[in-house]
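Hi everyone, thanks for coming. Let me put today's protein up on the screen.

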Amino acid sequence: MRLVGPSGEQVGVVRVEDALRLAEEADLDLVEVAPDARPPVCKLMDYGKFKYESAMKARDARRNQANTQLKEIQFRPKIDEHDYATKRGHVERFLKGGDKVKCIVRFRGREQSRPELGIRLLQGLAEEMAELGTIESHPRQDGRNMVMVLAPVRKKAEVKSDQRRRREEARAARRAEKHAGRTPKGAKVATGGEPTGENA
């Protein structure tokens, strides 16, 4: 077998017995890292530490992986101004959070003969959200509905890392305030009008 040392240095081709003896002398494990190679490659390492580091890397990779969701907001062609402002706020929040938003205008009865109302509503919304999102699919008629999809400008992973950084900064600030508010042991605290020190 070809043996690799604990620091990655090449030991060379050795017999299995010699490799096991070297591993025992160094108080390390002999791990086969490339079984398909000719000859097979083995490395001297602390296998428990290796498994732990691999698990930590996998956990960090999962934590940084973010799944973008498709949120859905429904409008009516003749929506009230206040209702529109509320729903626009939801769209804004979803885009800031890194999620896509499917905007649907539902038509009822004779409203279906006026698709321009839906187009105007969705295009106006897209213009208002231009800083936060881009149009992924333009307004299109889908049966009784008109659908448009907005995609966020920032990726979900960026948003998550920003949120994590802000949380850590806030924690650090709270800890600093907590430590600043404490008085050292044995220190006298002046209260009210009582004099402290030698002049008392």
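I'll start with the whole protein and then go to one sheet.

Quick housekeeping: this is a predicted model, where local features need pLDDT of at least 70, side-chain atom pairs count only at pLDDT 80 or more, and totals for chains, interfaces and linings use all residues. Residues are numbered from 1 along each chain as its sequence is written, and side-chain values use heavy atoms, with hydrogens and water left out.

So, the protein has 5 helices and 8 strands; these are DSSP runs numbered from the N terminus, H or I with at least four residues for helices, E with at least two for strands. Reading from the N terminus, the order goes β-β-α-β-β-α-β-α-β-α-β-β-α. Of the 200 residues, 24% are buried, meaning under 20% relative accessible area with a 1.4 Å probe, counting protein chains only.

Now the sheet. It's an open one with 4 strands in the order 2-1-4-3, and the pairing is mixed; two strands pair if DSSP finds at least two bridges between them. At the edges sit strand 2 (10–13) and strand 3 (29–34), each pairing on one side only. From one strand to the next, the twist averages 25°.

Which residue in strand 4 stands opposite R2? That's V41. Strand 1 (residues 2–4) and strand 4 (residues 41–45) run parallel, joined by 3 bridges.

Finally, helix 1 (residues 16–25) packs on this sheet, touching strand 1, strand 3 and strand 4. Contact here is heavy atoms within 4.5 Å. The direction of helix 1 makes about 125° with that of strand 3, using axes fitted to C-alpha atoms, for helices over the stretch in contact, and angles from 0 to 180 degrees between N-to-C directions.

Key:
Buried means under 20% relative accessible area, exposed over 50%, partly exposed in between (1.4 Å probe, protein chains only).
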